[in-house]
Amino acid sequence: MIEKADRLNNVKEYYFSKKLREVATLKNEGKPIINIGIGSPDLQPPSSVIDTIKSTVQLPYAHQYQSYQGIPEFRESISEFYKEKYNVTLNSNDEILPLMGSKEGIMHISLAFLNKGDKVLIPNPGYPTYTSVTKLVEAAPVYYSLNESNNWLPNFDEIEKKDLSKVKIMWVNYPHMPTGAVASKLDFEQLIAFGKKHNILVVNDNPYSFILNDNPQSILAVKGSREVAIELNSLSKTFNMAGWRVGMVVGDSEIIKTILQVKSNMDSGMFLGIQKGAITALKLSNNWFEKQNNIYKKRRRIVWDIFDALGCSYNNNSAGLFVWAKLPEGTNAEAFTDKLLHENNVFITPGTVFGSNGEGYIRASLCLSEEELIKVLNRLTTVKI
Ligand SMILES: Cc1ncc(COP(=O)(O)O)c(C=O)c1O
């Protein structure tokens with residue numbers, strides 16, 4: 001057997017990949033499992049987007065390699081979107097790089113800026129990919145605590161007690177997954193000031209800003225932010241295009257050029273149909289967001305009822321595709337979710353997937369129909385904690 005690379009020794013298989021195998025096995029055994037754990041949008045992309053990809057497929061030049069930076073028209077549509085939605089001006093020539101989703105960007109940014117032994121500030125709780133990618137590039141995670149008492153925002157006094165000398169990147173993600181916390185302009189200003197003070201690249205991963213959020217924000221709206229901040233964004237949740245794999249990184253042209261140095265060596269441009277479909281999506285009117293959010297609001301109402309039935313508490317003002325809830329005091333999150341899976345045939349995500357500060361919490365997804373959520377609610381009225 002050929003030995004695997006040492007860099008994999010500290011990287012576990014992605015939790016959901018392992019857990020979904022277990023869920024699939026239970027389903028194959030005939031268990032009627034309902035999965036309210038995973039955030040893959042079940043709603044359809046806009047029909048005009050589907051029409052666009054269909055017609056693009058017919059074009060004779062659609063099947064050739066595409067530019068590494070995406071077609072100019074796609075970058076221009078991203079620039080217009082950022083201006084209209086976040087009041088951020090981006091030069092479409094060199095401040096925008098299309099990506100295959102924001103997840104891909106986490107790897108490219110890390111490869112572009114981190115050397116072995118460098119350190120990376122990562123939120124706890126937070127998206128697990130920040131940690132796994134940091135380890136894959138042989139850098140070291142330094143976790144910063146987010147707590148309910150601080151509205152899941154960074155506590156800079158606490159962070160500054162850590163040794164920050166080798167820290168080069170800070171991952172930030174507002175609206176925050178898994179908690180749904182939002183950051184204000186002032187919070188982003190503090191992050192930029194922190195990045196400048198310690199010479200750290202602050203990367204805001206921003207895929208949730210249009211889901212159940214009245215005031216979408218970009219970290220790049222902060223004056224002077226471009227020296228130290230870039231932003232990842234994505235069409236996965238905003239337009240229900242998770243499987244299309246389309247997103248972007250935006251910011252200072254020199255930083256974007258450095259990321260392109262990595263990306264252009266790893267893939268060969270995005271399929272034209274995806275780029276054209278993305279352009280159609282980015283040009284949609286605000287009706288699209290309203291329609292989506294009305295559906296999510298109704299679903300969230302039922303998820304709150306589910307959490308009430310489980311004796312959990314939650315914040316009614318959170319944003320994003322998930323609801324984060326605190327279990328009754330002293331309840332172990334993984335034991336609780338395993339019990340729900342095996343006794344009630346409901347899979348829900350334990351907060352510990354996102355770090356130690358997720359202990360005592362669970363996360364439900366809004367990517368299920370009202371009918372399915374009501375089924376879950378009916379099953380759970382019998383649960384004993
Ligand atoms: C915080 C966060 N960042 C990034 C991603 C990846 O999104 P994309 O589909 O754009 O790669 C997710 C997806 O679940 C996420 O929750």
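How many bridges pair S3 with strand S5 (residues 167-172), and in which sense, parallel or antiparallel? There are 3 bridges, and the two strands run in the parallel sense. Before going on, a word on the ground rules: this is a predicted model, where local features need pLDDT of at least 70, side-chain atom pairs count only at pLDDT 80 or more, and totals for chains, interfaces and linings use all residues. Residues are numbered from 1 along each chain as its sequence is written, and side-chain values use heavy atoms, with hydrogens and water left out.

Back to the strands. Helices (H or I, at least four residues) and strands (E, at least two) are DSSP runs, numbered from the N terminus, and two strands pair if DSSP finds at least two bridges between them. In the pairing of S3 with S5, Leu 121 stands opposite Met 170 in S5. Both strands belong to an open sheet of 7 strands, in the order S2-S8-S7-S6-S5-S3-S4, with mixed pairing. At its edges you'll find strand S2 (96-99) and strand S4 (140-145), each pairing on one side only. On average, neighbouring strands of this sheet are turned by 25° against each other, direction ignored; the axes behind such angles are lines fitted to C-alpha atoms, for helices over the stretch in contact, and angles run from 0 to 180 degrees between N-to-C directions.

The loops around here hold a few backbone oddities. Asn 124 and Pro 125 are joined by a cis peptide bond with omega of about 5°, and Pro 125 sits in the loop between S3 and H5. Another cis bond links Tyr 174 to Pro 175, with omega of about -5°; Pro 175 is in the loop between S5 and helix H7 (185-198). Then there's Asn 87, which isn't a glycine but has a positive phi of about 55°. Look for Asn 87 in the loop between helix H3 (72-86) and S2.

Next, follow helix H5 (129-136) to its neighbour. The axes of helix H4 (residues 101-113) and H5 come within 10 Å and cross at roughly 35°. The crossing is right-handed (the near helix is turned clockwise from the far one by less than a right angle; anticlockwise would be left-handed). In contact terms (heavy atoms within 4.5 Å), Lys 103, Ile 106, Met 107 and Ser 110 of H4 meet Thr 129, Tyr 130, Val 133 and Leu 136 of H5. That makes 5 nonpolar, 2 polar and 1 charged residues, where Ala, Val, Leu, Ile, Met, Phe, Trp, Tyr, Cys and Pro count as nonpolar, Asp, Glu, Lys and Arg as charged, and the others, Gly among them, as polar.

H5 also helps line the largest pocket, as do helix H1 (15-28) and strand S3 (119-124), each supplying at least two residues. On a 1 Å grid over the protein atoms alone, a pocket is an open set with protein on both sides within 12 Å along at least five of seven lines, a cavity is a set of points where a 1.4 Å probe fits but cannot get out, and lining residues have an atom within 4 Å of a point. The largest pocket has a volume of about 580 Å³ (grid points are joined across faces, edges and corners, and the volume is the space filled by probe spheres set on the points). Of its 23 lining residues, Lys 12, Tyr 15, Pro 128, Thr 131 and Val 353 lie nearest the centre. The lining divides into 10 nonpolar, 8 polar and 5 charged residues. The whole structure has 1 cavity of 30 Å³ or more, and the largest cavity holds about 40 Å³.

Finally, there's an open sheet of 4 strands, S9-S10-S13-S12, with antiparallel pairing. Strand S9 (313-314) and strand S12 (349-350) each have a single partner strand, so one side of each lacks a neighbour in the sheet. Helix H10 (residues 287-309) packs on this sheet, touching S9, S10 and S13, and its direction makes about 20° with that of S10.
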